[in-house]
Amino acid sequence: MSLVYEGKVAWIFPDNFDVDLIVGVQHIKETNPEKFLPLTMKEYEPNFLEQVAKGDILIAGKNFGYGHPHFQGMAAMRKLGLWCILAESFAPAFFRSEIVSGMALLTVPGITERVNRFDRVRVEVEQGLAHNLDSGDVIKGVKPSSIILDLINNRGMIGFIKAELARDLGKGEGD
C-alpha cells in the first residue's frame, strides 16, 4: 500500500474552522452536490473553483472541522478531487466522519507555519511526512494507525468492507 499525495496547497484554513462554512451554513440542508458544489469557498475566494485542481491538498490549523460534522463541505472537496488534508489537529467528530469517508487526514503540528498557499506538497501518509517541494522542508506529522491507513487506502468504510469481503470470499473452505 502506498498512500502518497502530491499537489499544490489549495487553501490554508485558520484554527477552529467550521467546515459548514465551505459551502455556507445556509446550504447545509442541501443534499444535491450539483447545487452546493458551485458555492464551494465562494465566501473566501470567488475564483476558488477555477484555481483548484484534482489532487490539490488542503492545510488547516488547530481543531479543524469543529462544530456539526455536516457532509456538504467535505463532499464538495472530494467531488473536486481533493482527498488529503494536513492539519495541526482535527476535531474528533470531524476526524471520525472523514476517515470513514476515505479522506486522507494527517495531523502535522506546525504545518501552517511551514507552507504557503500554492506551494507544491508531497505527502507520504504511511510515514506521517509532508514535503514542501518549493522550500525543501520536510515536516514530520503523526503516523496513522494501520486501521486508519486501511480506511484511507480503500476510500472509506464501504471500500474497506468490500475489500474484507472479497478477501474472505477468496479463502477456500479448507483455509
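## A guided tour from Arg 155

Begin at Arg 155, the residue that follows helix α6, and check its backbone: phi is positive here, near 55 degrees. Keep in mind as you go that this is a predicted model. Now show the side chain of Arg 155 together with Trp 83. The arginine lies over the face of the tryptophan, at 3.8 Å from the ring centre.

**Helix α6**

Step back into α6 itself, residues 146-153. Which residues of this helix are buried? Select Ile 148, Leu 149, Leu 151 and Ile 152, and you have them. Looking down the axis, you will find that these four cover an arc of only 160 degrees, which puts them on the same side of α6. A helix has 3.6 residues a turn, so residues three or four places apart point the same way. To see what this buried side packs against, add β1 (4-13), α4 (92-100), β4 (104-107) and α7 (157-169) to the display.

**The sheet**

Next, switch to a cartoon view and colour the strands. The sheet is open, with 7 strands in the order β4-β3-β2-β1-β5-β6-β7 and mixed pairing. β4 and β7 stand at the edges; each has a single partner strand, so one side of each is left without a neighbour in the sheet. From one strand to the next, the twist averages 30 degrees.

For an example of parallel pairing, select β1 and β2 (residues 57-60), which are joined by 4 bridges. Within this pair, Val 9 stands opposite Ile 57 of β2.

Antiparallel pairing comes next: move to β5 (residues 120-124) and β6 (residues 129-132), which are also connected by 4 bridges. Click on Val 121 and look across to β6, where Asn 132 is its bridge partner. The two strands form a hairpin with 4 residues between them, and in the turn Gly 128 has a positive phi of about 70 degrees.

Carry on from β6 to β7 (residues 138-140), again antiparallel, this time with 3 bridges. Here Ala 130 has Ile 139 in β7 as its bridge partner. This second hairpin has 5 residues between its strands, and Gly 136 takes a positive phi near 85 degrees.

**Helix α3**

Now select residues 72-79, helix α3. How many of its 8 residues are buried? The count is 7, so the helix is largely enclosed by the rest of the structure. The buried set is Gln 72, Gly 73, Met 74, Ala 75, Ala 76, Met 77 and Arg 78. Show their surroundings and you will meet β1, α1 (33-36), α2 (48-51), β2, β3 (84-87) and α4, against which they pack. Just beyond the helix, stop at Gly 81, which follows α3 and has a positive phi, near 95 degrees.

**The aromatic cluster**

For the last stop, display the aromatic side chains. There are 12 aromatic pairs in the structure. Zoom in on the one formed by Phe 13 and Phe 17: the rings are tilted, with 45 degrees between the planes and 4.6 Å centre to centre. Are these two residues buried or exposed? Phe 13 counts as buried at 1% relative accessibility, and Phe 17 is buried too, with a relative accessible area of 5%.

Finally, widen the selection to Trp 11, Phe 13, Phe 17, Tyr 44, Phe 48, Phe 64, Phe 90, Phe 94 and Phe 95, which ring pairs link into a cluster.

Note on methods. Residues are numbered from 1 along each chain as its sequence is written. This is a predicted model: local features need pLDDT of at least 70, side-chain atom pairs count only at pLDDT 80 or more; totals for chains, interfaces and linings use all residues. Side-chain values use heavy atoms; hydrogens and water are left out. Two strands pair if DSSP finds at least two bridges between them. Buried means under 20% relative accessible area, exposed over 50%, partly exposed in between (1.4 Å probe, protein chains only). The arc is that of the directions from the helix axis to the C-beta atoms. Contact means heavy atoms within 4.5 Å. Axes are lines fitted to C-alpha atoms, for helices over the stretch in contact, and angles run from 0 to 180 degrees between N-to-C directions. Rings of Phe, Tyr and Trp (its six-membered ring) pair if their centres lie within 6.5 Å; planes under 30 degrees apart count as stacked, over 60 as edge-to-face and the rest as tilted. A charge sits over a ring if NZ of Lys or CZ of Arg is within 6 Å of the ring centre and within 35 degrees of the ring normal.
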